[in-house]
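I opened this model to follow one stretch of the fold and then to look up the charged pairs. These entries keep the order in which I looked.

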Amino acid sequence: MPHRIILIRHGKPTVPLKRWVSGHGFATLIEQYQAAGIAPDSVPNSATQSLVQSAPVLFSSDLRRAIHSAEILAPEAAVMSDRRFREAEFWCHFPTRLRLPTALWLILGRMLWSLGYAPNGQTHTNEKARALQATEFLEAQVKQHNTVVLVAHGIINLMISRALRKRGWQGPRSPNLGHWGCTIYQR
């Protein structure tokens with residue numbers, strides 16, 4: 001039986017990011033987004049739900065939107081949440097009253113982060129190392145259970161998928177980054 005690691009991005013949060021916000025307000029919006037659950041109208045497709053419900057173990061980030069997504073996907077499962085699966089933290093403190101679409105603040109924050117500006121010392125290099133540790137943890141778990149599911153976030157799932165492919169796992173070059181996006185890697 002092939003070993004499978006299934007990466008799923010959380011559902012659509014209750015805090016929408018499609019809005020205009022000032023640089024001062026961007027950090028507050030990100031804090032609200034980090035604490036958000038999943039919107040009632042955000043529902044995973046049945047194929048993803050079946051895949052998750054048949055898996056022996058289910059991991060998630062320790063952020064509310066990932067835990068809530070895992071609970072929606074598999075209500076009867078024991079979800080094991082872990083900080084190592086959190087979304088990558090990027091620069092979000094802009095000292096200006098200038099109002100821009102959130103997408104532009106996100107792009108600016110991620111660009112600054114990739115250039116080395118990082119909150120709490122979590123540089124791009126640190127986050128890649130954390131993603132590698134997360135990958136190694138998932139590989140250890142798949143040896144015991146054959147299939148593991150991780151419900152996490154876009155950037156961390158992308159970093160884990162890159163690490164998996166470098167380590168010989170077969171699957172798409174990039175994971176499905178849409179809400180409820182499900183991507184399977186096999187070996």
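The entries below go from a strand and a helix to a surface patch and then to salt bridges.

**Entry 1, the kind of model.** I note at the start that I am working with a predicted model.

**Entry 2, strand E3.** I began by asking how many residues of E3 are buried. I found that 5 of the 5 are, so E3 is largely enclosed by the rest of the structure. I then looked up its strand partners: E3 runs parallel to E6, to which 4 bridges join it, and E3 also runs parallel to E4, again with 4 bridges between the two. For the pairing with E6, I wrote down Val 57, whose bridge partner there is Val 148. For the pairing with E4, I wrote down that Ser 60 stands opposite Ser 81 and that Ser 61 has Asp 82 as its bridge partner.

**Entry 3, Phe 59.** I picked this residue as an example from strand E3, where it has its place. I looked up its accessibility and found 4%, which is under the 20% cut-off, so Phe 59 counts as buried. Leaving out residues up to four places away in sequence, I listed what Phe 59 touches: Met 80, Phe 85, Phe 137, Leu 138, Gln 141, Val 148, Val 149, Leu 150 and Val 151. I also checked Phe 59 against Ile 184, and the two are 125 residues apart in sequence and 15 Å apart in space, taken from C-alpha to C-alpha.

**Entry 4, helix H3.** I next followed the chain through the β-α-β unit that E3, H3 and E4 make, and I recorded its hand as right-handed. Which residues of H3, the helix spanning residues 64-73, are buried? I found Arg 65, Ala 66, Ile 67, Ser 69, Ala 70 and Leu 73. When I looked up what covers these buried residues, the elements included the strands E1 (4-9), E3 (57-61), E4 (79-82) and E6 (147-152), together with the helices H1 (23-35) and H2 (46-53).

**Entry 5, Ser 69.** From helix H3 I took Ser 69 for a further check. Its relative accessible area is 0%, and Ser 69 is therefore buried. Setting aside neighbours within four places in sequence, I found Ser 69 in contact with His 10, Gly 11, Ile 38, Val 151 and Trp 180.

**Entry 6, a patch on the surface.** I then turned to the outside of the model and noted a nonpolar surface patch of about 340 Å², made by Leu 104, Ile 107, Leu 108 and Met 111. Of these I looked up Leu 104, which lies in helix H4 (residues 102-114) and is partly exposed, with a relative accessible area of 40%.

**Entry 7, salt bridges.** How many salt bridges are there in the model? The count comes to 8, and I looked at several of the pairs in turn.

Arg 64 forms a salt bridge with Glu 71, and the closest N and O atoms are 3.6 Å apart. I found both partners partly exposed, Arg 64 at 36% relative accessibility and Glu 71 with a relative accessible area of 37%.

Asp 82, which I had already met as the bridge partner of Ser 61 in E4, came up again here, since its side chain meets that of Arg 84 in a salt bridge at 2.9 Å, N to O. Asp 82 counts as partly exposed at 21% relative accessibility, and Arg 84 counts as partly exposed at 27%.

The side chains of Arg 167 and Glu 139 meet in a salt bridge at 2.7 Å, N to O. I traced where the two partners sit, and this pair links distant parts of the chain, 28 residues apart, with Arg 167 in the loop between helix H6 (154-166) and strand E7 (182-186) and Glu 139 in helix H5 (residues 124-145). Is each partner buried or partly exposed? Arg 167 is partly exposed, with a relative accessible area of 33%, whereas Glu 139 counts as buried at 7% relative accessibility. I closed the entry with the wider set, in which salt bridges that share partners join Glu 136, Glu 139, Arg 167 and Arg 187 into one network.

Methods: Residues are numbered from 1 along each chain as its sequence is written. This is a predicted model: local features need pLDDT of at least 70, side-chain atom pairs count only at pLDDT 80 or more; totals for chains, interfaces and linings use all residues. Side-chain values use heavy atoms; hydrogens and water are left out. Buried means under 20% relative accessible area, exposed over 50%, partly exposed in between (1.4 Å probe, protein chains only). Contact means heavy atoms within 4.5 Å. Two strands pair if DSSP finds at least two bridges between them. A crossover is right-handed if, with the strands pointing away from the viewer, the path from the first strand over the helix to the second runs clockwise. Patches are made of residues with over 30% relative accessible area and no salt bridge: like charges are joined within 9 Å, nonpolar side chains (Val, Leu, Ile, Met, Phe, Trp, Tyr) within 5 Å. Accessible areas come from the Shrake-Rupley method with a 1.4 Å probe; for residues, only the protein chains shown count as cover. A salt bridge is a side-chain nitrogen of Lys or Arg within 4 Å of a carboxyl oxygen of Asp or Glu.
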